[in-house]
Amino acid sequence: MTVLELAGIFAFAVSGALTAIRKDFDVVGIVLLAGITALGGGVARDVILGATPPAAFTSLGYFLMPVAAAAITFFAHPAFERLTTAVLVFDAAGVGLFCVLGTLKALPYGVGPLPAAALGVLTGVGGGVLRDVLAREVPALVRPDAELYAVPAVVGALIVAVTWELGWWAPWIGVVTVVLIFAFRVVAMARKWRAPTAWRR
Amino acid sequence: MTVLELAGIFAFAVSGALTAIRKDFDVVGIVLLAGITALGGGVARDVILGATPPAAFTSLGYFLMPVAAAAITFFAHPAFERLTTAVLVFDAAGVGLFCVLGTLKALPYGVGPLPAAALGVLTGVGGGVLRDVLAREVPALVRPDAELYAVPAVVGALIVAVTWELGWWAPWIGVVTVVLIFAFRVVAMARKWRAPTAWRR
Amino acid sequence: MTVLELAGIFAFAVSGALTAIRKDFDVVGIVLLAGITALGGGVARDVILGATPPAAFTSLGYFLMPVAAAAITFFAHPAFERLTTAVLVFDAAGVGLFCVLGTLKALPYGVGPLPAAALGVLTGVGGGVLRDVLAREVPALVRPDAELYAVPAVVGALIVAVTWELGWWAPWIGVVTVVLIFAFRVVAMARKWRAPTAWRR
């Protein structure tokens, strides 16, 4: 589980660093945005659960990972032909991993399956929203042209919460859910799927 | 009190959903913005008070109300001739209710009347600020042309905090305060009242 | 220490009030932005540490200082020839003071030197980021042309955290660090120093 967590932190940190590079932030801004993107959602979840200080501040691994990811991205970013796409793909991976892990982290606190799923979604999308607000991008979460960004997150978190409540939870369900969220998001971007918007006069 | 709380959640959720519709968010973005607007201020207050997990995450009613409000708004929004005005009116109702309820929630934590009033204001305006930041609107709270947005909130929260400290508190005071905040805000919008700004060279 | 803390609150509150005046906010918006800028970083730190309710909400001095600073700025602001520069100078003073004090506040919670330094940086820059997000400015923290804004904050917080861990801590180190952070930032602005950005294709 820690391995998956570090993978999610890495994916989000890369998405944050790429955003910072696209915005011409300096090296410190790149590291900070990488760290905020990678740890913001989890810190928000832990603070809301009252699990303070958050894991991100007590275990050094969570803490050094974004720095490492930022350093790698700093030099490797030209490998990504189109920065925007790369940001979205890494972001999608982070969302998938953190939605599942965040929900699992919240369930034992007895907040009920629905709130636990909401905290999973917060863990999954919170860091990305902070990244976009700080970089003054329209948060992908609410971007009119966001190809079903939140749908896979919500559905994935609900799958985890419900299977857990029913006692059907098994690690493979988590892995499958992560893959589903990631794949759905990537396909939705490629195919430009849209969720319905309210009809206007 | 729970009835008033649900009413405030409903009002804020509608204001969030209408903002999302005005911004052409998809259905998921509408539900999320409705929920964040309705619960954001109260969650911030509870987290600051250390009352975690916040009520919004422990009682299902708080949680389903925004979803219901978003669903209703999704279909009913054309009833509102001018979305912007509708957002402001529902927002004003939410501010009035949450300023009073938020202050009452904070007072027993012994933070003193002034901080309790500040937490009441946070409860009242926090959700709307999150809504506007996520929707990339200028937060009404700090909009130069905001017709006395914060004044009624601050005054109302202070009335509750002071009467409580003096032992004069009675439920009717809360009801009157809610009505006053709401009415003052609506009249201020209609009459385009302005608070003084600093003079410029 | 409380004196330094109040000085930092004053500096940040002035920077917030000046920003609000530059944006033509009304008097209430000025007081609110002053308070959020002055107390936001510390509240975030305390909430993350689980030290709730935060000091800002329990001791009245922290609370009235921003109001006083806003009142003074409201009338005195024309004394500042160029508001933007004045904001940055007061902001730099606040960053220096809060980075050191925030790190010292976090260390006893046993989160380790690196996370403590990060919380010091959060204390130092958090309020300014909130100020800029609410005023819809590009946060100085991530502004491409921000002359080494975060570097002195990070370095200063690390100096405090490391000397503390090594048992070398002494108050004069804190004072020197505050002066260094402030001086470095001001000189960096005057000389238009830049930190390296990632190279682009």
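**View 1. Where chain A meets chain C.** In this predicted model, 28 residues of chain A and 29 residues of chain C make up the contact (contact here means heavy atoms within 4.5 Å). About 2500 Å² is buried between chain A and chain C, and carbon and sulfur atoms give 71% of that; buried area is the accessible area, taken with a 1.4 Å probe, that two parts lose on being put together, summed over both. As for charge pairing, the count between chain A and chain C is 0 salt bridges, a salt bridge being a side-chain nitrogen of Lys or Arg within 4 Å of a carboxyl oxygen of Asp or Glu. There is 1 residue pair in polar contact between chain A and chain C, both at pLDDT 80 or more. A polar contact is a pair of N or O atoms within 3.5 Å; within protein, one must be able to donate a hydrogen and the other to accept it, and residues adjacent in sequence count only if both atoms are side-chain atoms.

**View 2. The chain A side of that contact.** On the side of chain A that touches chain C, α1 (2-22), α2 (27-49), α4 (60-76) and α6 (113-134) of chain A each chip in at least two residues. Helices are DSSP runs (H or I, at least four residues) and strands likewise (E, at least two), numbered from the N terminus. The largest share, 6 residues, comes from α2(A). Sorted by type, this side of chain A has 20 nonpolar, 2 polar and 6 charged residues (Ala, Val, Leu, Ile, Met, Phe, Trp, Tyr, Cys and Pro count as nonpolar, Asp, Glu, Lys and Arg as charged, and the others, Gly among them, as polar).

**View 3. Where chain C meets chain B.** Here 28 residues of chain C are in contact with 28 residues of chain B. The area buried between chain C and chain B is about 2500 Å², with 71% from carbon and sulfur atoms. The rule finds 0 salt bridges across this interface of chain C and chain B. On the chain C side, α2(C) gives the most, with 6 residues. The side of chain C that touches chain B splits into 20 nonpolar, 2 polar and 6 charged residues.

**View 4. How the copies are related.** Turn chain C by 120 degrees, with 0.0 Å of shift along the axis, and it lands on chain B with an RMSD of 0.0 Å (copies are superposed by least squares on the C-alpha atoms of residues with pLDDT of at least 70 in both). The two copies are thus related as by a three-fold rotation axis. They use different surfaces, though: 11% of the contact residues of chain C recur in chain B.

**View 5. A salt bridge within chain A.** Side chains of A:K23 and A:E137 meet in a salt bridge at 3.1 Å, N to O. This pair links distant parts of the chain, 114 residues apart: A:K23 sits in the loop between α1 and α2 of chain A, and A:E137 in the loop between α6 and α7 (150-165) of chain A. Over all chains, the whole structure has 18 salt bridges.

**Notes for all views.** Residues are numbered from 1 along each chain as its sequence is written, and chains are lettered from A and ligands numbered from 1 in the order in which they are written. In this predicted model local features need pLDDT of at least 70, side-chain atom pairs count only at pLDDT 80 or more, and totals for chains, interfaces and linings use all residues, while side-chain values use heavy atoms, with hydrogens and water left out.
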